[in-house]
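Trainee: I should like to understand how the descriptive terms used for this model are justified. May we go through them one at a time?

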Amino acid sequence: MNESLFLKNLWYFVMHGSKLEKGKLQGREIVGEKIVFGRDPDGKPFALRDNCPHRGVPLSQGWYDGKEIQCCYHGWRFDTAGTCLGIPALFDEKFNASKIKVFQYPVREINGTIWVYIPHNKLQIADADERLPDLLVPKDKDFLHVETVTMPADIDHSVIGLIDPAHVTFVHQSWYWRSAKKLKLKEKKFEPDGMGFKMVRHAPSSNSKGYSVLKGGTSTEINFQLPGVRTEHIKVGDREIVSITCLTPINENETELNHIFYTSISVIKYLWWPLRFLGKQFIHQDLGVFRKLNEGLQSKPTLMLLGEPDAQARWYFELKRAWSMSVQNKTPFVNPVEGKTLHWIT
Ligand code: FES
Ligand SMILES: [Fe+2]
C-alpha cells in the first residue's frame, strides 16, 4: 500500500445527509478504512469502525433498531458510541461489557452534508474540530445534492482532474457551454489559502455562456483545499451561489466524487432541475475521460506535469507533502504555495 497516497487528520466528505436514513446502517470504505455510518436516536450521525471487536464481522451486516447495533455472528450488542452493551452467550455476571469499545470516528453534519475525520493516530482526535471545512453557507442552510459518482482512479489523479484547467476545452465542450473554436489566453491570479490555494475573485470568462444567464455584478472565487475539496463561490450582486465538488478516496483504485450546490438566488431554485441536469452531464464527461485514463494507466506509463496549465497539480503535491510531514512530525502545517499569476489557453 502506498502510504503517502492518503492524508490523515483531515475531514472527508461522506455523503449528503439525505442519504443517511434513520434506523439503517451503511458500511462505507474511506481511505481504505471500513466504517459503518448511521443515525443515533436523536438523528445525529455516528461513525464506527466496521468490525465487531469479537471476531471482526462487519457491524454494518448486523441489525440496528435505531438505538442498538447487534452483530450478526454472536449477537454482541453496541450503542451508537460503540460501547458494548451485552454479550448474549456469556454467563459471567461480574463481567463489565462496557469495557469493550468499537472505535468511534468523529463525524459532523454540516449544512446537510456528512463529514468524517480520519485520524493518523486513533488516540489523538482531540483537535479534529479545528480543521472542519468551511462550506461558506449560513449555518441553518442546506446544500442540494447534485451527483455522486465513483471515479476509477486514485485520489491524486482525481484531484488533478478536478483542478486541471486544460481539459475543460476538450472534455466539457457543449454548444451551450463553450465551443472549442473560441480559445482565449486566460490569466488568473492565485494565492495560498488555508490548506490549499485560491483563484482570486474575478469576473467569469466571457466565452463561458453558462454564466451569461446571471445578470449584474457577477464574480467568482475558486478555492481548493486538501484533501480534495473544490469550492466555487459566485456572487451575483448581494446573492450567492456555492458549488462544491468533494473527492473522497475509497481505496487506492477508486475515488468518490460528490457535487453539492447552494444558492440564495430564489429564481435559480426554480431552475434547479435543468441546472442539476447540466451539473450531472459535466461530471459524467469527467467520468468518461477517467475511464479512458484508467485504461491508459494499466500499462504504468511515465507521466508529466507541464508548464503553467499543470502548476495547480504541482501545488497539490507540494501541499500533500507538507501536510504529511506536519502530521508525522507533529509540527504546524506551513502552506508551501506561493502566490502567482498563471496563464493558459482554454
Ligand atoms: S463477531 Fe460479532 S459477536 Fe462475534
Ligand atoms: Fe472536468
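Mentor: Let us begin with strand 13 (residues 185-193) and strand 19 (residues 340-345), which run antiparallel and are joined by six bridges. Please keep in mind that the model is predicted.

Trainee: What makes strand 13 and strand 19 a pair?

Mentor: Pairing requires at least two bridges. Six bridges join strand 13 to strand 19, so the requirement of at least two is met. One example is Leu-185, whose bridge partner in strand 19 is Ile-345.

Trainee: How do you know that strand 13 also pairs with strand 14?

Mentor: The same test applies. Four bridges join strand 13 to strand 14 (residues 196-202), and the two run antiparallel; at least two are needed. Asp-193 has Gly-196 as its bridge partner in strand 14. The hairpin of these strands has two residues between them, and Gly-194 there takes a positive phi near 55°.

Trainee: How do you know that the span of helix 4 (residues 272-297) agrees with its number of residues?

Mentor: Helix 4 has 26 residues, which at 1.5 Å a residue should span 38 Å. Its end C-alpha atoms are 37 Å apart, therefore the two values agree.

Trainee: Why is Phe-282 of helix 4 called buried?

Mentor: A residue is called buried because 20 or more other C-beta atoms lie within 10 Å of its own. In helix 4, Phe-282 is buried, as are Leu-275, Ile-283, Asp-286 and Phe-290. The buried residues of this helix pack against strand 12 (144-151), helix 1 (155-163), helix 2 (168-171), strand 18 (255-263) and helix 3 (266-270).

Trainee: Which residues have the most contacts inside the largest nonpolar core?

Mentor: They are Tyr-12, Val-14, Trp-115 and Val-116, in a core of 64 residues. Strand 1 gives the most to this core, with six residues. The core draws at least three residues from each of domain 1 (3-131) and domain 2 (144-345).

Trainee: What is Tyr-12 in contact with, leaving aside its neighbours within four places in sequence?

Mentor: Its contacts are Ile-30, Val-31, Trp-115, Val-116, Ile-118, Pro-227 and Thr-248. Each counts as a contact because the C-beta atoms, placed from the backbone, lie within 7 Å.

Trainee: How many residues does each domain bring to the contact between domain 1 and domain 2?

Mentor: The centres of the two domains are separated by 31 Å, taken over C-alpha atoms. Domain 1 brings 17 residues to the contact and domain 2 brings 18.

Key: Residues are numbered from 1 along each chain as its sequence is written. Chains are lettered from A and ligands numbered from 1 in the order in which they are written. This is a predicted model: local features need pLDDT of at least 70, side-chain atom pairs count only at pLDDT 80 or more; totals for chains, interfaces and linings use all residues. Domain bounds come from an automatic or database domain assignment. Two residues are in contact if their C-beta atoms, placed from the backbone, lie within 7 Å. The expected span of a helix is 1.5 Å times one less than its number of residues. A residue is buried if 20 or more other C-beta atoms lie within 10 Å of its own, exposed if 12 or fewer, and partly exposed in between; C-beta atoms are placed from the backbone. A nonpolar core is a set of buried Ala, Val, Leu, Ile, Met, Phe, Trp, Tyr and Cys residues joined through C-beta atoms within 7 Å.
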